[in-house]
Amino acid sequence: MEFDSKKAVIVPEGVFIIGTYDENGVPNAMNAAWGIQSDYGEIALFLAKHKTTENLKKTGAFTVAFATKNTVTISDYFGIESGNNVNKIEKTGVHVHKSAHVNAPIIEEYPLVLECEVKEWNEEKEMLTGKIIAQQADESILTDGKVDLGKLQPIMYDASFHVYRVIGEVVGKAFSDGNAIKNSL
Ligand SMILES: Cc1cc2nc3c(=O)[nH]c(=O)nc-3n(C[C@H](O)[C@H](O)[C@H](O)COP(=O)(O)O)c2cc1C
């Protein structure tokens, strides 16, 4: 069966929560699925015009929190309401503090957060690239000093059914399992 190309399901889509301040220091958060690592220490996000993009144009900074199984409801809310209409941080009751590195808020309910400077905001292409200045990880999601996705329980956006899924089990070893074929006769 052939699908409408505009409905192509490209997996996995992330659930990135972008934190920004406005010109008065009021924090905001939005949900974005279209994001990717674009270089070492760099993230790219594809954003239409939102309160968030207006904010980061002014401050030159943003944070990216990774939505998790425990933060599904607030994460979805951040994607269905605009900071132009309501203070989403107050409405959800989440706790924020300013990043020590960039002019953007860290939402404390998320255990893993990137602190980014705007590298480029291309309004025409609706593409944001951010230089990752620092990353904050809660001790509770670390194993041997590494981010443990089994503990973090990050979620992905499933565009087929408009649901969120937990990113799951380990099924193989990267740069390794393929050796079984590479080294076979
Ligand atoms: C699951 C989900 C994924 C989304 N992904 C994106 C995205 O990748 N890019 C985008 O511009 N908007 C995306 N949105 C829409 C914004 O989050 C939404 O318009 C939000 O209200 C913007 O908030 P703001 O106006 O406070 O900045 C997504 C929403 C949801 C629920």
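1. Three elements of this predicted model each contribute at least two residues to the shell around the ligand: strand 2 (27–32), helix 1 (51–59) and helix 2 (72–80). Strand 2 provides the largest share, with four residues.

2. The surroundings of the ligand comprise 20 residues, of which His50, Thr52, Gly79, Ser82 and Gly83 come nearest. By character, the shell around the ligand holds nine nonpolar, eight polar and three charged residues.

3. The sheet deserves a separate description. It is open and built from seven strands, arranged in the order 2-1-5-8-9-4-3 with antiparallel pairing. Strand 2 and strand 3 (35–39) occupy its edges; each has a single partner strand, so one side of each is left without a neighbour in the sheet. From one strand to the next, the twist averages 35°. Strand 2 is thus named twice in this note: as an edge strand of the sheet and as the source of the largest share of the ligand shell.

4. Within the sheet, strand 8 (residues 112–122) and strand 9 (residues 127–137) form an antiparallel pair over 10 bridges. Val113 is placed opposite Gln136 of strand 9.

5. Both helices that supply at least two shell residues also lie across strands. Helix 1 lies across strand 1 (16–21), strand 2, strand 5 (61–66) and strand 8, and runs at about 50° to strand 1. Helix 2 lies across strand 1 and strand 2, with an angle of about 95° to strand 2.

Methods. Residues numbered from 1 in each chain as written. Predicted model: local features only at pLDDT ≥ 70, side-chain atom pairs only at ≥ 80, totals over all residues. Near = placed C-beta within 6 Å. Nonpolar A, V, L, I, M, F, W, Y, C, P; charged D, E, K, R; others polar. Pairing = 2+ DSSP bridges. Axes fitted to C-alpha atoms, helices over the stretch in contact; angles between N-to-C directions. Contact = placed C-beta atoms within 7 Å.
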